[in-house]
Amino acid sequence: HRLANDKPLRFCPICRFGELALRKQGLLNPRRSLDCLACKAHFDIDGEQIAREDGESHTGAEWREMASRAIEVWMCDGCKAQYDLLSDRRWGQITPKPKRYQALYPEEWARVAAGLSPSAGNAECDSCRADYYVEDNRLTLLGSEIDSHGFSVEHLGRLLDADDARWLGVGKDSPNPGLVCADCGTEFDNDGDYLRLVKTMLRKLLRHVGEPKKLIDWHRAALDLPEVHEETEFRTDVLTAIAYAYDSGELGFDNKKETIWRGPASREDINGTLTISRGEVQFGGLLKKWRQPLDALVSAASSDDTLELLFGGDREPIVFEVSPVELTVHLSSGNHAVMLSAENLANRLNATRPNPQIERRERAKHV
C-alpha cells in the first residue's frame, strides 16, 4: 500500500525504516512527539521543527533528505518490505537490504516476487511456456524456447491485439478469420459464403488475389480448370472441339483412326449398317453387303439425316438415311461423348477423302 512519509514524518530518519508513532501529551496539551517502533528514537514536534532528544532539530523535509527517504513509500502488508518512489517512477528497495535488484518498476518487482526476471512477462502459455506481457486486450511475446510454427521469429516483441494474435498464430497475415494452407501458406479470409484470397505463392492463383470464390472454385482455379458456373460452357466447348477434330480427320472410331464411321442407316427402304473405313464404303447386313472403294468417292453432301455420296462413273449420288452416332473420347479431364450427324460425316469425307491425282503426283516425286 502507498504510505505518505510526511505530516510531518512516517518513517524514522535515524534507522531509516522504522515506522514512527505519533503521540499527544494529553487532551489539553498541544505538544506532540514521534517514537520509532524499531530503534526507539524519540522526537518532539514544535511547529515545523522536529527535534531529537539530543537537541538536533530539522524540518520533516530535511530529515527525509538526510535519511535519503522519499515522500512516497510503498510497503508490503505481508513481509513489510519498503520501497521508495524514485524520480523516474521506479521503486527503490529500502528494506530488506537488496540482494540482486535495488530499483525496479512495480510490475518488475511483481515478476521478481513470482520468481521471474524483471524483464519477464506477466503471462505464460501453459503448453509451451512462451512468455508474454499482457495488458487489457493486447499482448507482446517476450520469449519462447519452442517455436514450432515460426510465430516467435515473425512476431517477437510486437504489440498485438489478442484477436489478431489468434490468426497470426496459425500463419495468417490478415486479422480476419479464414483459412491458411499448412503446406503452401495460401491464405483466405472468410467472406460470407465465399473465401477471399489474401496471399499466395502459387503462380496459377496470383492473378486472383483479392477475389472472392467458393472453396470448390478455388480448387479448380489452382488446377487451371473452369469454375462451376463455367462448367456447362466449358463442356459445350469441349464437345464442339471434339466434333471439329472429327470433321478434320484428327479423330476416328478406333485408336488408329482407320474406322471413319459405323452406325445404322437405310437405303431404298433397306436397313443395315453403314461402315466407312480408309479403304472402302460398306453397307448391308450379315449376308449381303454393298461395297465401294473410298478412293472412288468424288463428293459427299448432307441435309438433315440424309447423306449423299457421289462416286466416280455414277451420274446420281447414292442416298443414305443416317442415324446419329455417339463418339466417346477419353481425355485427361474425363470421358466426353459427342453425337455425330450426317453433316459431320460429309464434312469428314470431303476433308480427308483420297484424291488419286494428288496421290499419283506425290508418288511420282519419289520415283
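Here a colleague asks a modeller how the words used for this structure are earned.

Colleague: Before we start, what should I know about the model and its numbering?

Modeller: It's a predicted model, where local features need pLDDT of at least 70, side-chain atom pairs count only at pLDDT 80 or more, and totals for chains, interfaces and linings use all residues. Residues are numbered from 1 along each chain as its sequence is written, and side-chain values use heavy atoms, with hydrogens and water left out.

Colleague: How do you know how confident the predictor is in the chain?

Modeller: We look at pLDDT, the predictor's confidence in each residue, from 0 to 100. The chain's mean is 89, and 96% of its residues reach 70 or more. Residues 356-363 are another story: pLDDT stays under 50 there. That stretch has 2 contacts beyond four places in sequence, a contact being heavy atoms within 4.5 Å.

Colleague: What makes you say the chain is more spread out than a compact globule?

Modeller: The radius of gyration, taken over C-alpha atoms, is set against the globule rule, 2.2 Å times the number of residues to the power 0.38. For 367 residues the rule gives 21 Å, but this chain has 49 Å, well over that, so it is more spread out than a compact globule. Look at the C-alpha trace too: along its principal axes it spans about 150 × 50 × 30 Å. And of the contacts with a separation of 6 or more, 27% are between residues 24 or more positions apart.

Colleague: What is counted as a helix or a strand, and how many are there?

Modeller: Both are DSSP runs numbered from the N terminus: helices are H or I with at least four residues, strands are E with at least two. On that count the chain has 9 helices and 27 strands.

Colleague: How do you know that E2 and E3 pair?

Modeller: Two strands pair if DSSP finds at least two bridges between them. E2 and E3 (residues 32-36) have 5 bridges, in the antiparallel sense, so they pass the test of at least two. One bridge puts Ala21 with Asp35 in E3.

Colleague: Why are E2 and E6 called edge strands?

Modeller: They belong to an open sheet of 5 strands, in the order E2-E3-E4-E5-E6, with antiparallel pairing. Strand E2 (20-24) and strand E6 (57-59) each pair on one side only. From one strand to the next, the twist averages 30°.

Colleague: What lies across E4, E5 and E6?

Modeller: That's helix H1 (residues 60-67), running at about 100° to E6. Axes are lines fitted to C-alpha atoms, for helices over the stretch in contact, and angles run from 0 to 180 degrees between N-to-C directions.

Colleague: Which strands does E20 pair with, and over how many bridges?

Modeller: Strand E19 (residues 259-267) joins E20 (residues 270-277) by 8 bridges, running antiparallel. Trp261 has Ile276 as its bridge partner in E20. Their hairpin has 2 residues between the strands, and Glu268 takes a positive phi near 50°. E20 also pairs in the antiparallel sense with strand E21 (residues 280-284), over 4 bridges. Thr273 stands opposite Gly284 in E21, and a hairpin joins E20 to E21 through 2 residues.

Colleague: Why is Thr140 called buried?

Modeller: Buried means under 20% relative accessible area, exposed over 50%, and partly exposed in between (1.4 Å probe, protein chains only). Thr140 has 14% relative accessibility, so it counts as buried. Its place is in strand E13 (residues 138-143). Leaving out residues up to four places away in sequence, Thr140 touches Asp131, Tyr132, Tyr133, Gly157, Arg158 and Leu159. Across the chain, 35% of the 367 residues count as buried.

Colleague: And what makes Lys40 and Asp304 exposed?

Modeller: Lys40 has a relative accessible area of 62%, so it is exposed. Asp304 is exposed as well, with 71%. Lys40 sits in the loop between E3 and E4, and its phi is positive, about 70°, although it is not a glycine. Asp304 is in the loop between strand E23 (297-303) and strand E24 (306-311), with a positive phi near 55°.

Colleague: Which peptide bonds are cis?

Modeller: One is from Lys7 to Pro8, with omega near -10°. Another joins Thr95 and Pro96, where omega is about -5°.
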